[in-house]
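Please find below a colleague's note on the structure, set out as numbered points. Each point takes up one region of the chain.

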Amino acid sequence: MPARWAAADMAGQHGRTALVTGANSGIGFHQVLELARHGACVLLASRDPGRGQAARDAIMAELPAASVELVQLDLADLDSVARLAGRLLDRAGGLDLLINNAGLMAVPRRQVTAQGFELQFGTNYLGHFALTGRLLPALLRRPGSRVVTVSSLVHRLGSIRLDDLQSEHGYGPWRAYSQSKLANALFTEELDRRLRAAGAGPLSIGAHPGYSRTGLLSSGPRLGGGGGVSALVFRLGTRFAGQSAARGALPVLRAATDPQAHGGDYYGPGGPGSRAPPARSATPGKPMTSSSPAASGRPPRHSPA
Ligand SMILES: NC(=O)c1ccc[n+]([C@@H]2O[C@H](COP(=O)([O-])OP(=O)(O)OC[C@H]3O[C@@H](n4cnc5c(N)ncnc54)[C@H](OP(=O)(O)O)[C@@H]3O)[C@@H](O)[C@H]2O)c1
């Protein structure tokens with residue numbers, strides 16, 4: 001496997017079914033495009049049917065023979081998560097690949113999900129936690145299946161505030177984002193640990209795209225106006241220094257398809273690498289993941305030990 005990896009290096013994905021969340025834009029869109037180009041049957045998840053349809057139309061215009069199905073998923077509403085998971089579990093066959101990609105960043109003022117959780121923690125982490133738990137039976141059915149969860153370099157700045165996970169007693173847009181991305185990284189490790197302990201097949205792998213020009217920089221701050229100086233600096237930095245969304249998708253695609261990947265790996269633009277502390281320690285995911293089932297509504301059934 002080359003150090004510099006391109007989508008053309010991806011092995012054929014024929015016969016595999018993949019679900020990508022937040023797939024109507026940014027790096028998620030390019031994940032669907034490349035997986036479909038390589039033969040996968042891809043479920044393009046979008047919270048907004050119009051934006052989802054536009055993304056699917058764009059992919060079908062480029063790849064008329066592709067198998068891409070639009071599915072509706074709002075990760076900020078656990079009922080929506082349950083509905084989609086229920087539909088997918090009812091289908092014959094299983095799921096080979098779940099990419100927990102959707103996210104929003106730096107929402108200026110504290111907002112909450114449909115069930116009352118802080119919006120960034122609820123969307124980026126809890127929604128994906130619940131989705132993964134509910135879809136585990138479908139993943140367990142398929143040999144070689146994977147869960148790839150998208151984190152961020154920003155997770156290094158994060159801390160898990162176990163006494164105030166929902167930022168009820170103090171909210172900072174970036175603090176909430178970095179906490180949610182650290183939660184994604186810890187979840188990846190803890191899921192991997194539990195899957196291995198149970199002798200289960202699916203791999204749990206982390207990825208981050210690096211610094212990529214996508215809508216992420218404007219969608220969060222737009223929710224409530226402004227976003228402050230840090231959002232402006234981030235936007236300018238990305239405009240001049242960021243890579244394309246297509247390039248940002250590559251570490252995620254590599255994590256999803258690299259035959260040499262191991263559970264617990266963390267892929268970035270330079271390939272697989274290690275996570276920064278505190279995500280690297282052996283047990284930090286435990287207290288948080290053990291409180292997540294209650295927070296996310298229902299405990300994931302069939303969750304390995
Ligand atoms: N861009 C970067 O430099 C960078 C760096 C590190 C990590 N990341 C991570 O990469 C992932 C993808 O982000 P991106 O950069 O591609 O940004 P993006 O273009 O804004 O894409 C984010 C996607 O998530 C979706 N989303 C937001 N809230 C959602 C919800 N409640 N339910 C379902 N979907 C929701 C968005 O849908 P709408 O179109 O409806 O808003 C959009 O499709 C995120 O997890 C982000 O944290 C990005």
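1. Which hand does the β-α-β unit of strand 2, helix 2 and strand 3 have? The unit is right-handed, with helix 2 spanning residues 49-62. The model is a predicted one. Strand 2 (residues 41-46) and strand 3 (residues 67-72) run parallel and are joined by 6 bridges. Within this pairing, C41 stands opposite S67 of strand 3.

2. The sheet as a whole should be described next. It is open, comprises 8 strands in the order 3-2-1-4-5-6-7-8, and shows mixed pairing. Strand 3 and strand 8 (271-273) form the edges, each pairing on one side only. On average, neighbouring strands of this sheet are turned by 25 degrees against each other, with direction ignored.

3. Strand 5 merits separate attention. This strand is mostly covered, as 5 of its 5 residues are buried. R146, V148 and V150 point one way from the strand, whereas V147 and T149 point the other way. Both sets are buried, R146 and T149 included.

4. The pairing of strand 5 with strand 4 is parallel and rests on 4 bridges. L98 has V147 of strand 5 as its bridge partner; V147 is also one of the buried residues of that strand. Strand 4, helix 4 and strand 5 together make a right-handed β-α-β unit.

5. Strand 5 also pairs with strand 6, again in the parallel sense, over 5 bridges. Here T149 has G206 of strand 6 as its bridge partner. From strand 5 the chain passes through helix 5 to strand 6, and this β-α-β crossover is right-handed. Helix 5 lies across strand 5 and strand 6, and runs at about 160 degrees to strand 6.

6. Strand 6 (residues 203-207) is joined to strand 7 (residues 266-268) by 2 bridges, and the two run parallel. A207 finds its bridge partner in Y267 of strand 7.

7. Two backbone conformations deserve comment. A106 has a phi near 60 degrees, a positive value in a residue other than glycine. This residue is found in the loop between strand 4 (97-100) and helix 4 (119-140). A106 counts as buried because it has 25 C-beta neighbours inside 10 Å.

8. S167 is the second case to note. Its phi is near 55 degrees, which is likewise positive in a residue other than glycine. S167 lies in the loop between strand 5 (146-150) and helix 5 (173-197). Is S167 buried or exposed? The cut-off for burial is 20 or more other C-beta atoms within 10 Å. S167 has 20 such neighbours and therefore counts as buried.

9. The ligand surroundings complete the note. Of the 31 residues around the ligand, G22, G26, G103, T214 and L216 come nearest. Helix 1 (26-37) and helix 6 (216-222) are the elements that give two or more residues to this shell. Helix 1 gives the most, with 3 residues. What is the make-up of the shell by class? There are 11 nonpolar, 16 polar and 4 charged residues around the ligand.

Key:
Residues are numbered from 1 along each chain as its sequence is written. This is a predicted model: local features need pLDDT of at least 70, side-chain atom pairs count only at pLDDT 80 or more; totals for chains, interfaces and linings use all residues. A residue is near a molecule or strand if its C-beta atom, placed from the backbone, lies within 6 Å of it. Ala, Val, Leu, Ile, Met, Phe, Trp, Tyr, Cys and Pro count as nonpolar, Asp, Glu, Lys and Arg as charged, and the others, Gly among them, as polar. A residue is buried if 20 or more other C-beta atoms lie within 10 Å of its own, exposed if 12 or fewer, and partly exposed in between; C-beta atoms are placed from the backbone. Two strands pair if DSSP finds at least two bridges between them. A crossover is right-handed if, with the strands pointing away from the viewer, the path from the first strand over the helix to the second runs clockwise. Axes are lines fitted to C-alpha atoms, for helices over the stretch in contact, and angles run from 0 to 180 degrees between N-to-C directions. Two residues are in contact if their C-beta atoms, placed from the backbone, lie within 7 Å.
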